[in-house]
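Here's a quick briefing to read with the model open beside you. Take a look at the fold first, then come back for the details.

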Amino acid sequence: MRRMRGLSPEKKDDFELNSQQVIREQLDPVKRGIAIGGLFITGLALFVGAIGIMNITYVSVKERTKEIGTRKALGARRRTILLQFLIEAVLLSTMGGVMGVLVGVGASQLVAQYMGWPILVSSLSVIIAVGFSASVGVFFGFYPARKAAQLDPIDA
């Protein structure tokens, strides 16, 4: 490099050499920060969605109290009522998960085309994401579904 730049032995270097290891060490904290920020945003969105699912299920139970009372008076079991509202919550959260995956894959494809980066979306991550959203539906839909199942037919 000194010969290419025409530097005499007494002159200082006017260049710097960096290895890939140095560059990697400089970029690792940035990557970690982006990952932590992404996890925080994802967790916050998941929490907001979960509360939304719980509220939607709760409102659904309140609006259909007469239907629940009629079904229970005709012999519907608690388990049947519980499963009905749990299935609704799981379907709602799973549809939200699928829509989220579609938006995420679409956005990553746009970024890949614009920036020229290769993008790989693994099917395992898609399955985990949709499965996790379904489990959020079960977890946050259980309380309103249990309330619906415990309604007394006379009160309902």
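What follows is a short tour by topic, from helix packing to salt bridges, a surface patch and some contacts between distant parts of the chain.

Keep in mind that this is a predicted model. The whole structure holds five salt bridges, and three of the residues involved, Arg-64, Glu-67 and Glu-88, are joined into one network by shared partners. There's also a nonpolar patch on the surface, with about 620 Å² of accessible area together.

**How H4 and H5 pack**

- Helix H4 covers residues 78–115 and helix H5 covers 123–149, with a loop between them that holds Ile-119.
- The axes of H4 and H5 come within 7 Å, and they cross at roughly 150°.
- As for handedness, the crossing of H4 with H5 is right-handed.
- Sorted by class, the contact of H4 with H5 has 17 nonpolar residues, alongside six polar and two charged ones.

**The nonpolar surface patch**

- Six residues make up the patch: Val-111, Tyr-114, Met-115, Trp-117, Ile-119 and Val-121.
- Ile-119 is worth a click here: this patch member sits in the loop between H4 and H5.
- Ile-119 has a relative accessible area of 35%, so it's classed as partly exposed, and that value clears the cut-off of over 30% for patch residues.

**A salt bridge within H2**

- Helix H2 runs over residues 20–63 and holds both Lys-31 and Asp-28.
- Those two residues are three apart in the chain, which is about one turn of the helix.
- Lys-31 and Asp-28 form a salt bridge, and their closest N and O atoms are 3.7 Å apart; that fits inside the 4 Å limit for a salt bridge.
- Lys-31 is exposed, at 54% relative accessible area, while Asp-28 is partly exposed at 26%.

**The network around Arg-64**

- Side chains of opposite charge can pair when their charged atoms come close.
- Arg-64 lies in the loop between H2 and H3, and its side chain meets that of Glu-67 in a salt bridge, 3.3 Å from N to O.
- Arg-64 also forms a salt bridge with Glu-88, with the closest N and O atoms 2.8 Å apart.
- The Glu-88 pair links distant parts of the chain: Glu-88 belongs to helix H4, Arg-64 is in the loop between H2 and helix H3 (65–73), and their positions lie 24 residues apart in numbering terms.
- Through these shared partners, Arg-64, Glu-67 and Glu-88 become one network.
- How accessible are the members? Arg-64 counts as partly exposed at 21% relative accessibility, Glu-67 is partly exposed at 35%, and Glu-88 is partly exposed at 30%.
- With its 21%, Arg-64 falls in the partly exposed class because buried means under 20%.

**Distant in sequence, checked in space**

- Arg-64 turns up again here: Arg-64 and Ala-156 are 92 residues apart in sequence, and their C-alpha atoms are 9.1 Å apart in space.
- Ala-148 is found in helix H5, and its C-alpha atom is separated by 6.0 Å from that of Val-61, 87 residues away along the chain.
- Is Ala-148 buried or exposed? Ala-148 is buried, with a relative accessible area of 0%.
- Leu-46 is a residue of helix H2, and at 32% relative accessibility Leu-46 counts as partly exposed.
- From Leu-46 to Gly-97 there are 51 residues in sequence and 9.7 Å in space, C-alpha to C-alpha.
- Val-59 also has its place in helix H2, and Val-59 is partly exposed, at 41% relative accessible area.
- Val-59 and Phe-140 are 81 residues apart in sequence, with 13 Å between their C-alpha atoms.

Notes: Residues numbered from 1 in each chain as written. Predicted model: local features only at pLDDT ≥ 70, side-chain atom pairs only at ≥ 80, totals over all residues. Heavy atoms only, no water. Patch = residues over 30% accessible without salt bridge, like charges linked within 9 Å, V, L, I, M, F, W, Y side chains within 5 Å. Areas by Shrake-Rupley, 256 points an atom, 1.4 Å probe, with all protein chains shown as cover. Helix = DSSP H or I, 4+ residues; strand = E, 2+ residues; numbered from the N terminus. Buried < 20%, exposed > 50% of the residue type's maximum accessible area, 1.4 Å probe, protein only. Axes fitted to C-alpha atoms, helices over the stretch in contact; angles between N-to-C directions. Left-handed = near helix turned anticlockwise from the far one by under 90°. Nonpolar A, V, L, I, M, F, W, Y, C, P; charged D, E, K, R; others polar.
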